[in-house]
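I'm keeping a running notebook on this one. Each entry is something I looked up, with what I found.

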Amino acid sequence: MKRFQPNRLFIGILLFFLIGILNQKVFSQELVSSSGNEFKNDQLQISWSMGEPVIETFEGSSTQLTQGFHQSNLVITTVEEIPGIDFMLTAFPNPVVNYLTLKTDYNQVNQLRYILYDSEGSMLLQADVLSDESEIPMHKYVPASYFLKIIKEDTPLKTFKIIKTQ
């Protein structure tokens with residue numbers, strides 16, 4: 001009776017596949033988090049997690065790469081902010097589809113004004129801030145990056161980079 005003797009090619013292929021299987025890595029996202037959840041409806045998506053030790057975002061001319069386990073579509077970017085402002089200024093949601101909300105806790109809102117610029121620096125819209133929460137219409141603009149500058153008596157206070165989507 002002849003005994004089976006594998007040749008070197010067969011052993012090499014077998015070793016190649018065994019090493020490949022042993023070095024197989026799982027590429028799914030894992031997060032050790034104390035809490036997290038997600039909510040969706042027709043107009044809004046909110047997702048969050050707590051306990052993420054390292055996240056970072058890198059941007060190129062046409063690409064955005066975000067490192068981290070839990071990544072939502074929310075992007076809040078302050079391009080410029082004057083130090084020493086003792087009140088809050090926020091603009092949300094970002095990215096925006098229809099209306100951008102500008103919110104402040106400044107008690108003299110009648111001194112504030114906003115100016116919306118396109119990415120080439122052309123002024124598209126300017127108006128006085130009339131209340132502590134103002135809606136800025138964005139539905140008439142094409143999807144692109146915009147800049148929202150908040151000024152007080154001709155002094156720039158804060159500039160936001162706004163992403164307009166469909």
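**Entry: an odd loop**

I started at Glu153, which is found in the loop between β11 and β12. I'm working with a predicted model, by the way. Glu153 has a positive phi of about 50°, although it is not a glycine. Asp154 lies in that loop between β11 and β12 too. I checked the phi of Asp154, and it is positive as well, at about 70°, again in a residue that is not a glycine.

Are these two buried or exposed? Glu153 has a relative accessible area of 57%, and the cut-off for exposed is over 50%, so Glu153 counts as exposed. Asp154 comes out at 71%, so Asp154 is exposed by that cut-off too.

**Entry: cis peptide bonds**

Next I went to the loop between β6 and β7. Pro93 lies in that loop, and so does Pro95. I looked up the peptide bond that leads into each of them. From Phe92 to Pro93 the bond is cis, with omega near -10°. From Asn94 to Pro95 the bond is also cis, and there omega is near 15°.

**Entry: the overall layout**

I stepped back to see the whole chain. I noted one helix and twelve strands. Reading along the sequence, I get the helix first and then the strands, in the pattern α-β-β-β-β-β-β-β-β-β-β-β-β.

How much of the chain is buried? Of the 166 residues, 21% are buried. The accessible surface of the chain is about 12,600 Å², and carbon and sulfur atoms account for 54% of that surface.

I also looked at contacts between residues at least 6 apart in sequence. Of these, 45% join residues at least 24 apart.

**Entry: a three-stranded sheet**

Which strands make up the open sheet of three? I wrote down the order β6-β7-β10, with antiparallel pairing. The edge strands are β6 and β10, as each of them pairs on one side only. From one strand to the next, the twist averages 20°.

A reminder to myself: strands of a sheet pair through backbone hydrogen bonds, and the pairing can be parallel or antiparallel.

Then I zoomed in on β7 and β10. These two run antiparallel and are joined by five bridges. One pair I picked out was Leu102, whose bridge partner in β10 is Ser134.

**Entry: salt bridges**

How many salt bridges does a search of the whole structure find? I got two.

One is between Glu133 and Lys103, where the closest N and O atoms are 3.9 Å apart. The cut-off for a salt bridge is within 4 Å, so this pair makes the list. Glu133 is in strand β10 (residues 133-137) and Lys103 is in strand β7 (residues 99-104), so the pair links distant parts of the chain, 30 residues apart. Glu133 is partly exposed, with a relative accessible area of 43%. Lys103 is partly exposed too, at 33%.

The other salt bridge joins Asp128 and Arg113, and here the closest N and O atoms are 2.3 Å apart. Asp128 sits in strand β9 (residues 123-128) and Arg113 in strand β8 (residues 112-118), so this pair ties together parts that are 15 residues apart in sequence. I looked up exposure here as well. Asp128 has a relative accessibility of 42%, which counts as partly exposed. Arg113 is partly exposed at 26%.

**Entry: the nonpolar core**

I saved the inside for last. In soluble globular proteins, nonpolar side chains tend to be buried together. The largest nonpolar core here has 22 residues.

Which members touch the most other members? They are Met138, Leu148 and Ile162. I also asked where the core residues come from. β6 (89-92), β7, β8, β11 (144-152) and β12 (155-164) each supply at least two of them.

I followed up on Met138. Leaving aside its neighbours within four places in sequence, I found Met138 in contact with a run of residues that includes Val96, Val97, Asn98, Tyr99 and Leu100. Further along the chain, its contacts are Leu116, Tyr146, Ile162 and Lys164. Ile162 turns up twice in my notes, as a contact of Met138 and as one of the core members that touch the most others.

Note on methods:
Residues are numbered from 1 along each chain as its sequence is written. This is a predicted model: local features need pLDDT of at least 70, side-chain atom pairs count only at pLDDT 80 or more; totals for chains, interfaces and linings use all residues. Side-chain values use heavy atoms; hydrogens and water are left out. A salt bridge is a side-chain nitrogen of Lys or Arg within 4 Å of a carboxyl oxygen of Asp or Glu. Helices (H or I, at least four residues) and strands (E, at least two) are DSSP runs, numbered from the N terminus. Buried means under 20% relative accessible area, exposed over 50%, partly exposed in between (1.4 Å probe, protein chains only). A nonpolar core is a set of buried Ala, Val, Leu, Ile, Met, Phe, Trp, Tyr and Cys residues joined through side-chain atoms within 4.5 Å. Contact means heavy atoms within 4.5 Å. Two strands pair if DSSP finds at least two bridges between them. Axes are lines fitted to C-alpha atoms, for helices over the stretch in contact, and angles run from 0 to 180 degrees between N-to-C directions. Accessible areas come from the Shrake-Rupley method with a 1.4 Å probe; for residues, only the protein chains shown count as cover.
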